[in-house]
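Biologist: Please take a close look at a single part of this model, beginning with one residue and its surroundings, and then relate that part to the rest of the chain.

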Amino acid sequence: MQTFSNMRRNSINYSVVNPTYILFIIALIYGVLSPIFYFSTPLIGLSFYYLSEYFEDDERQLEIFLIFIYIAFMEINRGLFLFSFLLFFLIFYKIMIKTIKESIVCKWCLPLLYITIGYIGYYLFNLFLSNLFNYEAIQIGWGHLVFILTDIILAFILL
């Protein structure tokens, strides 16, 4: 019996399920249900804001990877160009993010700016890709304004 005594589990040493995985599964379920309800936001602006703030943080690389998977899932689900968000974000990050972070010091203005730029820039980038590949252009409507406002409210509540 003494040989198996080291195999017992210590009551202090327990592993907790990472909440990142649980939130990712909830986000995927939300992503499936969001096209059914017209005003449910695809969380593109909120993802753009989170990525803009924490893209270079080494501790959050898993979360960033899961956000890119979620956005790719949303692009497939909503009929957008696959990986266009990734391409738009990387181009925008290299060109503009550092200058925006250095020039704007208002903590409350950054979510407003990033979420608005995220939705409008992503729409314009998809419009550019649809013209480039001769596809039908996606239409922007009042629903996108609701998406922007909802994501801004969620950013102030959650982040």
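**A residue, its helix and the surrounding packing**

Modeller: Leaving aside its neighbours within four places in sequence, N126 is in contact with L80, F81, S84 and I138. The model is a predicted one, and the description below should be read accordingly. N126 is part of helix α5, a helix that spans residues 109-132. With a relative accessibility of 2%, N126 counts as buried, since the cut-off for that class is under 20%. One of its contact partners, S84, falls at the start of helix α4, which covers residues 84-103.

The helix that carries N126 also packs against α2, and this pair deserves a fuller account. The axes of α2 and α5 are 8 Å apart and make an angle of about 120°. The arrangement of α2 relative to α5 is therefore oblique, and their crossing is right-handed. On the α2 side, the contact is made by I44, G45, L46, F48, Y49, S52 and E53. On the α5 side, the residues that meet them are L110, P111, Y114, I115, I117, G118, Y119 and Y122. Sorted by class, this contact comprises 11 nonpolar, three polar and one charged residues.

Turning to α2 itself, nine of its 11 residues are buried, so the helix is largely enclosed by the rest of the structure. These buried residues are I44, G45, L46, S47, F48, Y49, Y50, L51 and S52. Several of them also appear in the contact with α5, including I44, G45, L46, F48, Y49 and S52. Helix α5 is, however, one of several elements involved: what covers the buried residues of α2 includes α3, α4, α5 and α6, the last of these spanning residues 142-158.

The loop that follows α2 calls for a description in terms of charged side chains. E56 lies in this loop, between α2 (44-54) and α3 (61-78), while K98 belongs to α4; their pairing therefore ties together parts that are 42 residues apart in sequence. The two residues form a salt bridge in which the closest N and O atoms are 3.2 Å apart. K98 counts as partly exposed, with a relative accessibility of 46%.

A further group comprises D57, R60 and E63, which are linked in a network of salt bridges. Within this network, R60 pairs with D57 at a closest N to O distance of 3.1 Å, and the side chains of R60 and E63 meet at 4.0 Å. R60 is partly exposed at 27% relative accessibility, D57 is partly exposed at 27%, and E63 is partly exposed at 25%. The count of salt bridges in the model comes to three.

The wider setting is as follows. The secondary structure consists of six helices and zero strands, and the elements run α-α-α-α-α-α from the N terminus on. Of the 159 residues in the protein, 35% are buried. Among contacts with a separation of 6 or more, 72% join residues 24 or more positions apart.

Definitions and conventions: Residues are numbered from 1 along each chain as its sequence is written. This is a predicted model: local features need pLDDT of at least 70, side-chain atom pairs count only at pLDDT 80 or more; totals for chains, interfaces and linings use all residues. Side-chain values use heavy atoms; hydrogens and water are left out. Helices (H or I, at least four residues) and strands (E, at least two) are DSSP runs, numbered from the N terminus. Buried means under 20% relative accessible area, exposed over 50%, partly exposed in between (1.4 Å probe, protein chains only). Contact means heavy atoms within 4.5 Å. Axes are lines fitted to C-alpha atoms, for helices over the stretch in contact, and angles run from 0 to 180 degrees between N-to-C directions. Angles under 35 degrees count as roughly parallel, over 145 as roughly antiparallel, 65 to 115 as roughly perpendicular and the rest as oblique. A crossing is left-handed if the near helix is turned anticlockwise from the far one by less than a right angle, and right-handed if clockwise. Ala, Val, Leu, Ile, Met, Phe, Trp, Tyr, Cys and Pro count as nonpolar, Asp, Glu, Lys and Arg as charged, and the others, Gly among them, as polar.
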